[in-house]
Each structure stands twice: as C-alpha cells, then as structure tokens.
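Me: Could you take a close look at one threonine in this protein and tell me how its surroundings are built? A connected walk-through would suit me well.

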Amino acid sequence: MIFKNHQDPNFIQLNIASVVILATYRNVLRFEYSHKLIRLACMQQSYFSHQVDLNIEIDLSTGFPLYTEQQKILELVMNYSPLPYSISEYGCSKKCSIIIKKLVDLGIPFYAVKRGMIMERNLSPEMIREKNFRKRSHALTIENILYHNVQLENPVQQKLLEEGGIRFDKRKGTMYTGSYRVSNHKTVQFVQARSHIFPIVSFWDNRHNRVRELVIDPTLDREEFFLISQLRNYLHSSEAFIFTAQLFGHFKLIEEYLTASQYKDYQLLDISQPPEELSQEDFAYVVRSMSHAEKGTIGDPSFWTYDNNLPPADAMVYHQQKELTGVGDTIEEWLLELKKARIKKYDERVVQLVSKINEFAQEKNLSHYIAGDARYAEIELKPLKKLVDIVSTSIALSELKDRLKMGNNLYEDMNQKRGLNLLHGLSFRLRERIETLARISKNDEGAIDAQALNERYIAACRETIKQMNDAGLSVFIDQVGNIHGLLIDRDICDQLCEDPKKIKSLTSRSICHGSHIDTVIDAGKYDGRLGVLSGIEVADIMTDLERFYNLDTVYPRVNHPLMVSVFVGEEMTFTGQGVSMPGSAAVAGHSEVEDIYLMQNQGGETYRERLEVLLKELAKCKKRGEIDFVNVLSKKDQLPPESCYDPTYFFTPHSYERHIEQGDFLHLKKVPIVLVYSIMGIHQEDFIFSGKKAEEAALQFNVRLRDLILEKDEYEQVRLTGGIFDSLTEPAEYKPEVLEIGMRWTLEGERDHAGATRNENRRDAGVAAGRLINFVKKLIEDYNSEHTSSILLSQGGVEFWPGLNRNVIPGSSSLTIGLHGIRDEQEAFYFQQQIRAYIAGKLSLPVSSGGEGIKSCSVQEVHYLNKSEKVKFAIDLRSANIDTNKAFLQDLEMILDDICHSCKVEVERKIEQRLNPYSLDKTGQVLQIERSYGGSHNPNETQLTRDVLRGLLLQLSISLDYVSLASVDHFNLFSFVDEKLPAVWKKKCPVFISGALHDTCNISKAAARLLDVAQPS
C-alpha cells in the first residue's frame, strides 16, 4: 500500500503534481499544467503600465516563468508596498528578501530565484577606512532619487517629517529615521558593506531553448530586468566583483562574470579549478587575495551569510543566517541537470528533478525561512519606508493643491497616466493604513481574524480611532459600538457635546464614507476595511489641504460635513433576533438596540457581553491618552452602552461605501471601478438531515442544487453556496466502523465569497466532494459487474473548511471512503489511482467544462469511519429577482423530497435570513466596487496600486464637491458619482449587479422608506 497510518504525524500527503506513475502520468500532468496561464495572488500594478494583465505564463515542465513575462513580474514587484526602493543607501539585502518572498508568492518556484552580490574591487584596510567615494577608484555609487524630491526648506515637508518622528538637518541635507541616516545628496555610495545585494530570476526562453538569468532590482532600474553583467554600469564600478548564490547557499565567484583583469589575477593564484568549484576555504582565500581584504572584514567570505557580506546587528538573526548558509548548495547540481534535461526535452526527468528539489525544500522548511527573512526585512526597513511615504505624500499634496487652485477637473485624472503618476503619493498613507490594520488583526497563526468584538477586533478599533484622531476627525461611539468620525472644528464639536440631539441634524446632510473592519477567519486585508480606511484618508487629505494651504474643507467653513463610519458586525459573527448586519441596521433604524444585544456568536457569548468588553478597553485607552473620543467616561472610567449615542443620530442617506470586487468580472472587462446599481436578495436556510445516510443526503443535495443552476437558463444568475456542513452527532454517540481499506481524501478548491463569485468561476470543494462520491459509487458498480466482485462502499466523515459561514465557498473538503471485500493490494491500488485520475482529469476542470476547478488533493490511510447520522447543511441563495428566488425554492423542495425518499432520511428546515434585493440607483447610495485579485474572504485578496489611487481620487473629488454644495435636499449621490465616471468604463460595464451583501443595503432600505421608493421585484 502507498499509505501510512493517519495517526502518524509524518503521514504522506500525496499532491497530484508529485505522483509520477506510468499508469496515470498523463492525467497527473494534465491536472498540474492544465492551465497554461497561472493566476497569481497578492499582486500590485505599477504606474507605468496602462494594460493590466496578471496572468504570468510559465514553462510547463520546469515552472520557470517565460522570458516574455519580465514586464509583468516587474510591475507586480514594483508595487509591493513594504519595499522602499527609492532609498539606495541602505537595506539592499532586506529589499532582496522582500522581493524574493514576493516572487515566490507570485508562484515563481524558489529554485528559479537567486541572490547576487556586487562588491568593490579593493577592500584593503586603507580603502575600508576611506569614506570618500571620490578617493576610491572602484567605489559603488548611484544617483540619489531623493536629491530631486526632498526639499528640506519646504514647510509642508518639514511639518510632515516632524509629525512622522523624522529628524533632519537642512544644512547637511540629512534625515534621521529610526537608526538610518539618509542624505539627499546628488550621489550616494554603499559605504557600510561596500556591496549591493540583488535578486536574480531564471527565465525559460522558448525561442532560443535556453534558461536566461536576469536581475530584478527597482533600486537600480524601475523599468526593466537587466543582465547581470550590466551591474557594473549601473553602479559605476567597472572592476567590481560579482557573486551569485542559490537561496540559502554560499556566494560564489562565477568565471563568466570575471573581468579580464580579475581573470588575470585569478590565474596568478595558480588554481586549476574554476572559481565556482572551489571549496569554501579556498574561495575565501581567493577573494581575500584578489580584494586585498583582511580576515574578519567585510571582504572575507568566511564571515558572510547567504544574505549579505555585512553581519546584521541582531546576533540571533546572524546566528540563524549562518546556520542556514550552505543549505541551498545542495540543489545546485540538481538545478544544473534540470536545465540540461529541459533543453534536451527529457520531460520525465525534469518532473523527477522538480519533485526532488521541492521535497528537499519541504524537508528543510525553506518557505518558512523565506517568509521569516521578509518579515524581518519589513520591520527593519519600516523607518525608510516611512520616509518615502512622507516625502511622496507631501509632493502629491502640493500637486493636488495646485490643481484645485487652478480649477482642474480631477475626475479626468482617473484615467490618465500623467494625472495619476503625479498624484501617486496620495495612495501611500492609505496603503500603510491597510497594512497596519492587517498586522494588528492577526492571530497567533499569522492569519487575519478580527471577528466582530473579539480581542483582535478591539485592537483594530483602537488603531482605527487613532487614525481618525490623526486625520482630524472628532470621534463618537454609539450604543451598539459603531464608531463615527466627523470632520468638524472644535467649536462645533463642543456644541454637539452640550446638546447631542444636534448631531442628527448635522449628520443627516453629511456624506458618510463607511463600511466595516470586522472580518471572517483567515481573511484578507481589503474586504470592508478599504471603505473605512479610505474614508479616513480622504478626511486626512482634506485636513491637510486646510491646515497647510488654507483651502476650505472642514465644517463649518464648508456647507456640509464629512463623516466616516465603522459599522460593527457586517460579517455576521453575531446572529439571531432577525437582525442582519447589526451595526448598520441600528443606524438605519431597522433593529432595536436591545434586540442586537441579545444576538450570540458561535461561542454562545451575547453581543452585549462582548460590547461591554470593547467599550471598557476603549475607555482605558482614552484615559491613558492613546486615543480620544467625544463620549464622556463614567465615574468608574468605564463606558456602559447606555452612555453612548443613539445609533440613529448618525444616519444619512448620502452614504459612500468603497469595496473591492469579490470576483474577477471587472478584471475580465478591464474596468477598474463601477457603481453597484442593485444588490441581489439573499435567502439563507439551514437543513438538518437525520438518518443513516444523512451525510450522503446532504452531499447529494449540494450537487443537485448546483446542477439545477447549470441546467436551467433562467437560473444562470442565481448563486447558491453550501457553506456549512456540520455534524450534530455527539462524540459519545459515534459507532466507529472498522475499514478494511480506508482512504481519507482532501480536496483543495478555493475559498471565496458566496454572493460575488460567479458560478463559472467557482472552485467549490464541497460540491466536488459530492461528485467524487458519485464517481466512486459508479466505479464500484461497474467493477463489480465486470469482475463478479462484491466490493462494498462505506462513506462519511465529511468536513468543509472553513465551514463557519454560510456565505463562504468551502476552500477544502475532506471525506472518508472505505472499501470492503478488496482481494489484494493491487486491487486497492487500482481504486486509489482511478479516484486520483478522476480528480485530476475531471474535477480539476473548470465548471464550464464540467469540473469543479479543484486545484489539488491529498490522501491518507485510515482504519475507522465515524459516520454522522445527523448533520446541518446550510445554504446561501442569492438572486436579483424575487420571482426567480421563489421558482428556485420550489424546485429545491422537489429535489429535497426526492433525496429524502431515496436516502431514507428526514429533514428539518430553518430560515436564518431572507432579504429582498436593493436598488441603489433609486435610493441614492454609492457602493463603489473596484477591481481586485486573489479572491475575497481569504488572505490572497489584493488590489492594484493604480486602482487604489483611482478609487481614492474619485472619492476625494466627490467629497470636495459634496461638502461645498449649497443644498443636498432631494440629492441623489449615486447619480452625482455616476456622472463623473469615465464613459469608456460605463460602456464596458453599463449595469453592475452585486451578489454580495453590504452595510449599504441597510442604508438603502432606510432611504427607500424615506423616499417611498419601491425595491425591485
């Protein structure tokens, strides 16, 4: 057998791509490489490209990116936020670590990436002591980009630097950020390490049938990859040494990169082998001899690590790097053979070598160390990044001020390259806000997990209030824990404190930017939070425009105030009492505060219990001076819910919610921004199946509902998800079944948003589990008829992950398949391989081709089956038309009756939520959906930098226009924004209907009531 016992922690996990067995070889390769274009996650687009194409084409056998994909990869790396490439004096090895992590995240295999180092020719003691690069003939120097952008005489830049804690000396032209001393001189040098570290990527060149190694280094060239030999030109040092190293390997001199002078010196040492084949001891001797370096200095390889020739200040980091140095040397011979095999088209050998290299990397846990290096680098580079962000923001603010004073139309800049480039600094603070909140919201496993009112959510609230304070917003907390910031001056704020009832008359004519900061488990950093944090950024920009340039932006110098609202509980961590999205429901007046207090989370805690914890913590933070808000503390320095403000005080129909798309429709249309015209209605219902075949019945129910959507044209836009599959059988009630042959199969799909992900784009592991069972049943039936066998099937132990939310497509599923009556191992192996081939050849196909888009699978041996006889299966059904929903539910009942009869099970039903569709164009709310990548409700979600800026520019422009309007009576904000969108975007996507529920829905419902607007049928 192939299996090990599932209780063994080292059980074999068989990924489809790693199994090379002749009987199924073609099926395996078909699955692993079935899509020539690999969709990459965690991506950012640069400012210099108008075309967005995020599909990186790879060589199917080696995994190397194709030579033609250089520009795309560079664009993605250029926009990776934690990389302060503008500062060239420091941090090159750390920037290299960040870029390496980014490349690996993009799907480029680690073995296609190297480190390189270029080092000064003369590292003698005399030259080490010489700090003036003009007196060192081989010094590494580069033009300083800060020379043109840092203006220490500029009062705005001075103020922003001071507020950022960055000291500066105008006379010397230096700035002090963290432990770094940065200059704005015209030319800078690499004075500490006398070297520069850079990443190298191996590309496969189809045209010339060869591997090409190119450097990616935004510090030296932001426009393109370049040849390793060009480094000497970039750094103005014709005789500098060039070294390369496999990841975690020793740096080595490569004969190919020696200059004529260096090669002559090398020959004089009378060494027969090429320099790359030298032992470490001989290599160190050669480098010292050729560079005139003394032992123990930066020119002595004996003390280098895989990371750099300059030991880090942290002794523990240096020790770890030293321990790992050389680990990567092991794969050098394999890589050399891999490249040769690829050139000769020995595909089977290529697959074997790739598998061997990956197994070695997994054994050594190299991905862990790649991520660790990047985390350390981001922390160490944070002071430099802060400086770059501040300088860029100051430049953009000045440009924005000039455009506003000249009366320029900012809306036209959204789709113009030059207009965006000159304002790109406006997005820097926003992206830093997003990154900061993400860091604060991570649990012990490193996943974002800020479910409503948990400890990490409380930390996120603290940070959000702090950001509101810094942006000039006056902060109010209402009775359900919503946080509202008003852009008003001190006198107006004092008046509201004296008479809180005045809040309502003020906010009712405000423009409210808002969304939520609560998340699902293992969430992404943009979902919901973009709408809150971008609203804070708009307020910050408007505050800066008033305080630095005396523009009227803050109420009462303008006619209407700007407001930013953080609504609690959009992700429905707390349920019950007929409440949908409690924070916005309370503001809209749909739900009573006392009903919301009674809602419960999965742990059985009530909303009020957790709310009191939140308010108590915020009160402590205010007392310590960490944050500020208008609410008055009680005598015990606590903040009971009753002392907070009425949520309805903060209702305005003029809401503006900014959100990333929870799918890829906009990417396919090449449209960066749309407005949502209407939002689908939602029907969420739980089904409790009871009986011996309860699990089978629930799986079949899921499959048949999917088939119903695919079979009937009228259901093409219906979206249905079975997000929860939960055993209700108590542990003591299980009756373990002993299995002759037991296989625990796990299918990996893609976790995504139930409402936003179109049917053809789904990778639903839950539906795939049901299809797998159907296949195994048919397989056994056919086998028995052909071999006169009596093999029997047992199935069960079904699990969906995450399985906690009805509105999340399961990212993976597991189930146990047991076979009885197997005669020998060969027969067992046959069934396992048939199952694997079905997953590879069928389930891996996209939905449009009859599959389920499954990305991989694993299997382990088990000996027992615990089958549940009572399970809860929960569906999320969405449609833009009420009549369509009714028709679908009628068909659902017929399917359910048939399954109950065939599986001999009983079913109980409970409707959890039922909401009608919403027409935002009629009620006037803006739900601005922006192009995104990597899915939603998962850690891969991200947005292009250019689109972050576009969305912010539109949001800011609208806000500046809105607060200056003479009146907003009978004003439709949706129409106002829709008129400003570029016609070319609206032509490509004239009407956008969202399948995702948002806080805007509650605001729309209240606005419809005020305006007497009928919602769609």
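Reply: Happy to. Let me begin with a term: a polar contact is a pair of N or O atoms within 3.5 Å, and within protein one must be able to donate a hydrogen and the other to accept it. Please keep in mind that this is a predicted model.

With that term in hand, take Thr62. The side chain of Thr62 makes a polar contact with the side chain of Asp59, at 2.6 Å. A polar atom of the Thr62 side chain also lies 3.1 Å from the backbone nitrogen of Phe64. As for its place in the chain, Thr62 sits in the loop that runs between β2 (55-57) and α2 (70-78).

Is Thr62 buried or exposed? Its relative accessible area is 2%, and buried means under 20%, so Thr62 counts as buried. Once neighbours within four places in sequence are set aside, the residues in contact with Thr62 are Pro109, Tyr111, Leu338, Arg342, Val350 and Val354.

Another threonine offers a useful companion view. Thr648 belongs to the loop between α22 (607-623) and β18 (655-660). Its relative accessibility is 23%, so Thr648 is classed as partly exposed. The side chain of Thr648 has a polar contact with the side chain of Asp646, at 2.8 Å. Not counting residues up to four places away in sequence, Thr648 touches Lys504, Ala586, Val587 and Gly589. For a sense of distance, the C-alpha atoms of Thr648 and Gly811 are separated by 38 Å, with their positions 163 residues apart along the chain.

Now for the setting around these loops. The protein has 32 helices and 34 strands. Its radius of gyration is 31 Å, close to the 31 Å that the globule rule gives for 1017 residues, so the protein is as compact as a globular protein of that length. Along the principal axes, the C-alpha atoms fill a box of roughly 90 × 90 × 55 Å.

Burial, as seen at Thr62, can be set beside the figure for the whole chain: buried residues make up 61% of the 1017 residues. Of the contacts between residues at least 6 apart in sequence, 76% join residues at least 24 apart.

On the outside, the protein exposes about 40,800 Å², with carbon and sulfur atoms supplying 47% of that area. As for charge, there are 121 positive and 140 negative charges, and their mean positions are 4 Å apart.

Note on methods:
Residues numbered from 1 in each chain as written. Predicted model: local features only at pLDDT ≥ 70, side-chain atom pairs only at ≥ 80, totals over all residues. Heavy atoms only, no water. Helix = DSSP H or I, 4+ residues; strand = E, 2+ residues; numbered from the N terminus. Rg over C-alpha atoms; globule rule 2.2 N^0.38 Å. Buried < 20%, exposed > 50% of the residue type's maximum accessible area, 1.4 Å probe, protein only. Contact = heavy atoms within 4.5 Å. Areas by Shrake-Rupley, 256 points an atom, 1.4 Å probe, with all protein chains shown as cover. Lys, Arg positive; Asp, Glu negative; His and termini not counted. Charge placed at Lys NZ, Arg CZ, Asp CG, Glu CD.
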